[in-house]
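Colleague: Could you take me through this structure, beginning with the surroundings of the ligand and then turning to the fold?

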Amino acid sequence: MRPIQKILIEPPTGKKYLVKDLEEDFHTSRGIIPKKELASGKTVVTSSKGQSFILLQPSFPDLWENLERGPQVLIQKDIGLILAKTGVNKDSVVVDAGGGSGSLCLALANVCKEVTVYENNPEHFRILAKNVALVGFKQIKLKQEDIAKGIAEKEVDLITLDLPEPWKVTKHAEKALKVGGFLVVYLPNLLQMKEFIQSTRDTSITILETIELLERKWKIDDRIVRPEFEMLGHTGFVTFCRKL
Ligand SMILES: C[S@@+](CC[C@H](N)C(=O)[O-])C[C@H]1O[C@@H](n2cnc3c(N)ncnc32)[C@H](O)[C@@H]1O
């Protein structure tokens with residue numbers, strides 16, 4: 001169950017507003033939408049300045065865009081890669097650490113049966129809990145704990161690690177994963193990745209591949225069809241492993 005909130009989309013720009021309180025008039029840069037309109041059940045509502053808006057139930061990406069940003073989040077290109085390569089689904093049991101701002105764990109919970117999240121920093125834990133409440137997922141369990149001290153969950157399908165010292169978690173991950181389960185490690189720096197990969201020696205964790213995914217956006221507007229001038233050059237390396 002998700003909290004009652006709506007997304008307002010302004011045509012034709014596609015600009016979005018998250019309406020958290022349907023019992024208050026909502027202010028946009030193109031006028032006020034009266035609370036009566038918000039509660040009317042209509043899909044198209046009109047502001048005090050005569051602008052039409054589309055009023056919908058927010059999708060997961062609509063809510064994801066509204067997460068409070070604390071620690072650096074995993075972005076959609078890397079999340080998509082993890083979902084595609086591990087094939088997690090409605091039957092999957094997942095452990096994620098560190099939870100950070102909740103971007104990855106919420107995207108996992110959007111498709112998985114159960115996601116347990118470890119986050120040991122109290123301020124980051126507060127942001128994580130707030131973001132989980134915004135989305136309203138009940139299939140997420142939050143633990144304010146250091147994952148380097150151990151993983152209580154067993155027979156896990158996927159463990160994701162987005163934290164600075166994943167090599168301290170390798171042995172715990174090996175115990176918690178089911179045979180054939182995936183361990184995915186995300187790191188911005190290849191020297192850290194090397195240290196993690198070394199930590200898997202003499203374990204049943206097999207390294208499958210390390211990927212850096214680059215995303216280039218294009219400007220498409222009337223007579224202009226070309227790549228954007230600016231590009232996000234680097235986010236991180238993703239290493240996929242499996243317990244075999
Ligand atoms: C880069 S952030 C994770 C961002 C998250 N994946 C997201 O998409 O929003 C790294 C987080 O790991 C947490 N962390 C670092 N070491 C940890 C540990 N041993 N146990 C639990 N959390 C840890 C940090 O406090 C920080 O919030």
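Colleague: How many nonpolar, polar and charged residues make up the shell around the ligand?

Modeller: The model is a predicted one, and in it 22 residues surround the ligand, with G98, G100, S103, N121 and D162 as the closest. Glycine is counted among the polar residues here. Sorted by class, the shell consists of 10 nonpolar, nine polar and three charged residues.

Colleague: How far apart do the C-alpha centres of domain 1 and domain 2 lie?

Modeller: The domain assignment divides the chain into domain 1, residues 6–58, and domain 2, residues 63–243. Along the principal axes, the C-alpha atoms of the chain fill a box of roughly 70 × 45 × 30 Å. Within the chain, the C-alpha centres of the two domains are separated by 34 Å.

Colleague: Which strand gives the most residues to the largest nonpolar core?

Modeller: In soluble globular proteins, nonpolar side chains tend to be buried together. The largest nonpolar core of this chain has 49 residues, and L108, I159 and L183 have the most contacts inside it. With seven residues, the strand that gives the most to this core is the one at residues 177–187, β11.

Colleague: With which residues is L183 in contact, leaving aside its neighbours within four places in sequence?

Modeller: L183 is one of the residues with the most contacts inside the largest nonpolar core. Once neighbours within four places in sequence are left aside, the contacts of L183 are I159, A173, L177, I205 and C241.

Colleague: Which residues are among those of the other core?

Modeller: This other core lies apart from the largest one and is made up of six residues. Among them are L8, L38, F53 and L55.

Colleague: What span should helix α5 have, and how far apart are its end C-alpha atoms?

Modeller: Helix α5 covers residues 122–135, which is 14 residues, and the expected rise is 1.5 Å a residue. The span is taken over one residue less than the number in the helix, so the expected value for α5 is 20 Å. The distance between its end C-alpha atoms agrees with this, at 20 Å.

Colleague: Which elements are included in what covers the buried residues of α5?

Modeller: The buried residues of α5 are F125, I127, L128, N131, V132 and L134. Just after the helix, G136 takes a positive phi of about 85°. The cover over those buried residues includes α2 (60–64), α4 (103–109), β8 (114–118) and β9 (140–143).

Colleague: What share of the residues of the chain count as buried?

Modeller: The chain contains seven helices and 15 strands. Of its contacts with a separation of 6 or more, 60% are between residues 24 or more positions apart. Among the 244 residues of the chain, the share that counts as buried is 32%.

How values were computed:
Residues numbered from 1 in each chain as written. Predicted model: local features only at pLDDT ≥ 70, side-chain atom pairs only at ≥ 80, totals over all residues. Near = placed C-beta within 6 Å. Domains from an automatic or database assignment. Core = buried A, V, L, I, M, F, W, Y, C linked by C-beta atoms within 7 Å. Buried ≥ 20, exposed ≤ 12 C-beta atoms within 10 Å, placed from the backbone. Helix = DSSP H or I, 4+ residues; strand = E, 2+ residues; numbered from the N terminus. Contact = placed C-beta atoms within 7 Å.
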